[in-house]
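Q: Please take one part of this model and look at it closely. Start with the chain it belongs to, then move in to single residues.

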Amino acid sequence: MRQQPEPVQVVKERRDRALHALVQGVPYITFLGIEFDRRGDELTAILPYRDTHIGNPLLPALHGGAIASFLEVTAIIGLGWSILWEQIESGAVDAAAIGPESLPRQPKTIDMTVDFLRTGLPRDAYARARVNRSGRRYSSVHVEAWQDNRARPFAQATGHFLMPAHE
Amino acid sequence: MDRGTHLRGLIDALPFSKALGMRLEESGDGRAVVSLPYDARLVGDPRSGVIHGGAVSALMDTCCGTAVMTVPDGSGITATLDLRIDYMRPARKGARIVCEAICYHTTRTVAFVRATATEADGGEVTPVASAVGAFTFEKRGAGQ
């Protein structure tokens, strides 16, 4: 007999709870006001505009450090989420039991190269991470951030990360 | 205005750097020292209390940009083209991080900068992070 698919609310609840645990435990994400929009396993990070994100008030333009922070948060959450997704979907980790204090260990940044393509305008920004390689020890993640047009990124970054079991 | 007030003013003019609590310690001749006090709001790993890499990146970017702004024949205006940061080790919980940046070469249009971040107080000499970057550069009076 074919197995019945899980009810939609059970699936959503598990995934949203896991994502919430991953994001809410990090004070710096709250400090910057970064939010995550989830569609299936795909995450879009959102940096809602705040006056405190400005670097040059005369232009005005977003601070390079705010942009770099946004890209790094998106990369590390994107990688952490791809690992956690496998764990909750396979049942290796019980999503109902995880909270910010009981999360599996997260990857650590080894290096990050940020490429500033255009001025960051004083408005919301979005970013998506792509895990180009996820190895046993090391991972490589690429991130692109945009504002008005998805096809015109204003910043991109590549980072290498040390996987949790190999600290 | 004394020199200390003037220096602090340079960082306070950057809303994001000010929000993170950064302080300009020294600057001049293409060199800058900027510090970041420990703040629980900047933590990346709540279990260890270690500051998020993104906040360290912001410190490095601010410090490198400030170094470029103090190049004697420069216009005092710059923007980051690219920045690579290597994280050597996590900063200890509670430690203030101090970044020193040196603009080691400029062309007519580009400034090359390197920076090192260490813990302000403590015997640990291994830097927390190091960075290299390229910034936009314009000579004073050029193109006006």
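A: **Chain B, from the outside in**

Chain B has 144 residues, for which a compact globule would have a radius of gyration near 15 Å; the value for chain B is 15 Å, which agrees. That radius is taken over C-alpha atoms, and the globule rule is 2.2 Å times the number of residues to the power 0.38.

This is a predicted model, so local features need pLDDT of at least 70 and side-chain atom pairs pLDDT 80 or more, while totals for chains, interfaces and linings use all residues; side-chain values use heavy atoms, without hydrogens and water. Residues count from 1 along each chain as its sequence is written, with chains lettered from A and ligands numbered from 1 in the order written.

Along its principal axes, the C-alpha trace of chain B spans about 55 × 35 × 25 Å. Three helices and eight strands make up its secondary structure. Both are DSSP runs numbered from the N terminus: helices are H or I with at least four residues, strands are E with at least two. The order along the sequence is α-α-β-β-β-β-α-β-β-β-β.

Now the packing. Of the residues of chain B, 47% count as buried. Buried means under 20% relative accessible area, exposed over 50%, and partly exposed in between, with a 1.4 Å probe and protein chains only. Contacts in chain B with a separation of 6 or more come 61% from residues 24 or more positions apart. A contact is heavy atoms within 4.5 Å.

The surface next. Chain B exposes about 6600 Å², and carbon and sulfur atoms supply 53% of that. These areas come from the Shrake-Rupley method with a 1.4 Å probe; for residues, only the protein chains shown count as cover. Chain B carries 16 positive and 16 negative side chains, and the centres of the two sets lie 1 Å apart. Lys and Arg count as positive, Asp and Glu as negative; His and the chain ends are left out. Each charge is placed at NZ of Lys, CZ of Arg, CG of Asp or CD of Glu.

Now the close look: Phe16(B). Phe16(B) sits in helix 2 of chain B, residues 15-19. It counts as buried because its relative accessibility is 1%. What does Phe16(B) touch, leaving out residues up to four places away in sequence? Its partners in chain A are Tyr28(A), Leu32(A), Thr52(A), His53(A), Ile54(A), His63(A), Gly65(A), Ala66(A) and Ser69(A). From chain B comes Ala58(B). Thr62(B) is 46 residues from Phe16(B) in sequence and 9.4 Å from it in space, C-alpha to C-alpha.

Asp29(B) is another residue to inspect. Asp29(B) lies in the loop between strand 1 (23-28) and strand 2 (31-36) of chain B. Its phi is near 55°, a positive value in a residue other than glycine. Asp29(B) counts as exposed because its relative accessible area is 66%.

Chain A supplies partners to Phe16(B), so check that chain too. Chain A also comes to three helices and eight strands. Of its 167 residues, 48% count as buried. The peptide bond from Leu59(A) to Pro60(A) is cis, with omega near -15°. Pro60(A) lies in the loop between strand 3 (54-56) and strand 4 (61-62) of chain A.
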